[in-house]
Each structure stands twice: as structure tokens, then as C-alpha cells.
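Let's take a walk through this one, helix by helix. Have the viewer open as you read.

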Amino acid sequence: MNSAELGKFGVEPQRQRGLTKLIDTSHRRPMNLADVLPWENTIDKSVAPKEPTHCWLYGTSFYDNFSEQQKSELLWLQTARDVSMFITLEQTLPVLYMGYINKYGSEIPKDITEYLMIFSKEEIVHTMMFKRYLKKAELPMYSGDAAIKNLLGRLPDMPPIMGVLYTLILEWVAELGALYSTQGDNIEPLTKKMFYEHHVDEARHISFGKWLCESHIKNASAEQRKAIIEMVSPMIKRLLPAFSYNPEIARYTSFDFPISPDDKEVHEAIRNSQSNQALNEKRFAPLTRWIVEQGLYED
Ligand SMILES: [Fe+2]
Ligand SMILES: [Fe+2]
């Protein structure tokens, strides 16, 4: 066991009460798969699962050529991508966080250990909820972004604080992206409630991740901080635009999709469309603000 790599793995003293409250709330309000959503209700796929103006292709020359039915299908397939992204990420987290507990044992403060267990348990329930939703809505599971999958595979070998930081960023992007587009009055109710109920737990996960990272960054040497910036800054620059368009959608449409999965130039143009840039600026603002505040962003 190399406990030096654990570094400062805790929260600042002024956060201690917050952490106790997170633990307490999580135990008092656990998500129960059987009744978290009204599973007996039908999902009406003629109702939008997300804001139509948040369609990946909105405002591009492709958009106007789709029929209304095709536009609706695209929204559902984009929701499938969001749900798939949560599944891919969240089914790796229990392994990662329980791995820290097994590896570092009592060197991790007791309350942090307890929250890592709660976190793991909650992600397992979330993953089951998302899988059940995909099945009920007859939506495909995306195989996912290769770079993200590669990163997830490497996390267990990194210092735990980097595992926590990468997890925080990935979860926060997925969470802000999903919530921003699904909580309006006109959204399909089961989909809307699913993202809301997930958010209730995720808001705690995000606070926990932020507190651990803030404490570490504050205590980091200049050299350690530089190493973090070198990992985080390029990741943010790639991850946020990538969220705006996943070429895999072409595999799932019931009609001939006009954009080839290999046409990287067009994918980049869509990701940088005016609509997607404006959307990213708004929906990811809390994350980008935090990254800048922590001094982790480099132009
Ligand atoms: Fe989750
Ligand atoms: Fe989470």
C-alpha cells in the first residue's frame, strides 16, 4: 500500500458539519428503485423528452430538413445518449470508490469512508434506474466516447484525488447537461422526474467531490497544482464541446441520417454551432466558474 499517494484526502474543518449532514440526509432519504418513478405509467414518445431547441443540430442547416417526426426521434435518441453516459460512468464508480476503501483502509477518515460507501450504493441504484428506463422507453444504449471510456479504465491507477476530481467533472457535465434541458413544463413526465430524482442524489455527490478537491488543491504544492492543471485543462476543452454532439446517433435513427459517423469536420462544426456554444456557456457555467476559481484552467 502506498499511503503517500492518498495525500490530503479529507475536507476542510469548516466543511465537517456539511459532510455529516450529507451522510445523514443520504441515509434518511435513500432512492428506492421500485417507487422512485411511476414505472406503471406509459411513456408517450410523441411528447418531447428534452427542450426541442436544445437539439444537437438546432440552428444548423441540417435541422430544417428534418420532418417533425424525425426531430422528435432525434430528441429521444439524444436522451438515450445522456442516459447511456450516466450508465457508463456510474457503473464504474462503485468499483473505484470501494477500491480506495480496500486499498487504504483506516488511512481514509471514517466519515469519508462512509460517504464513499453511500456514493457507491447510490450509483448502483441509479444505474439500475437508467437501465430500466432505456428498456421501458425502447431506447438504445450508446457504446460511448472512446476517450472517456479509456479515462475511466485508467482511474483506479491514479492517485485517489485525481479519481475524485475526474469523477466530479464527468458527473457534473452529465448532470448539468441533462437537467438543463429536461425540467420545463412541456417535457415527458417520467423522463423529467427521472432526471430530477437523480439530481437530488447527484447534488450531494457533486458537493462531496468539490469539498475533497478544494481541500487538496489548497494544500497542493506548486508542482502538484501544475500537474493537475495539465490534466484537467485539456480535458475540459475537449469534454464540453464533445457533449454537444455524439456521431453514434447515426447508427440508431430509423431514417437515413445525413451526417456520416466518420465526418469529423462536420461533427466539429456542429459542436461549435452558435446554438451549442450558447447552450454550453449557460448550462456548464457552474462548472467552468469552479474550474477557474480553483485555478485549474489554462488558456
Ligand atoms: Fe448517479
Ligand atoms: Fe453520482
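What follows starts from one helix and works outward to its neighbours and the core.

A bit of housekeeping: this is a predicted model, where local features need pLDDT of at least 70, side-chain atom pairs count only at pLDDT 80 or more, and totals for chains, interfaces and linings use all residues. Residues are numbered from 1 along each chain as its sequence is written.

Start with α5, residues 110-136; helices here are DSSP runs of H or I with at least four residues, numbered from the N terminus. Its 27 residues reach 39 Å from first C-alpha to last, close to the 39 Å expected at 1.5 Å a residue (that is, 1.5 Å times one less than the number of residues). Just after α5 comes E138, with a positive phi near 50°.

Among the buried residues of α5 are Y115, F119, E123 and F130, buried meaning that 20 or more other C-beta atoms, placed from the backbone, lie within 10 Å of a residue's own. The cover over the buried residues of α5 includes α1, α2, α3, α4 and α8.

Now look at α4. Its axis comes within 8 Å of that of α5, and the two cross at roughly 160°, which makes α4 roughly antiparallel to α5 (the label for angles over 145 degrees). Axes are lines fitted to C-alpha atoms over the stretch in contact, with angles from 0 to 180 degrees between N-to-C directions. Residues meeting across this pair include Y97 and I101 in α4, and L116 and F119 in α5; contact means C-beta atoms, placed from the backbone, within 7 Å.

Technical notes: Chains are lettered from A and ligands numbered from 1 in the order in which they are written. A residue is buried if 20 or more other C-beta atoms lie within 10 Å of its own, exposed if 12 or fewer, and partly exposed in between; C-beta atoms are placed from the backbone. Two residues are in contact if their C-beta atoms, placed from the backbone, lie within 7 Å. Angles under 35 degrees count as roughly parallel, over 145 as roughly antiparallel, 65 to 115 as roughly perpendicular and the rest as oblique.
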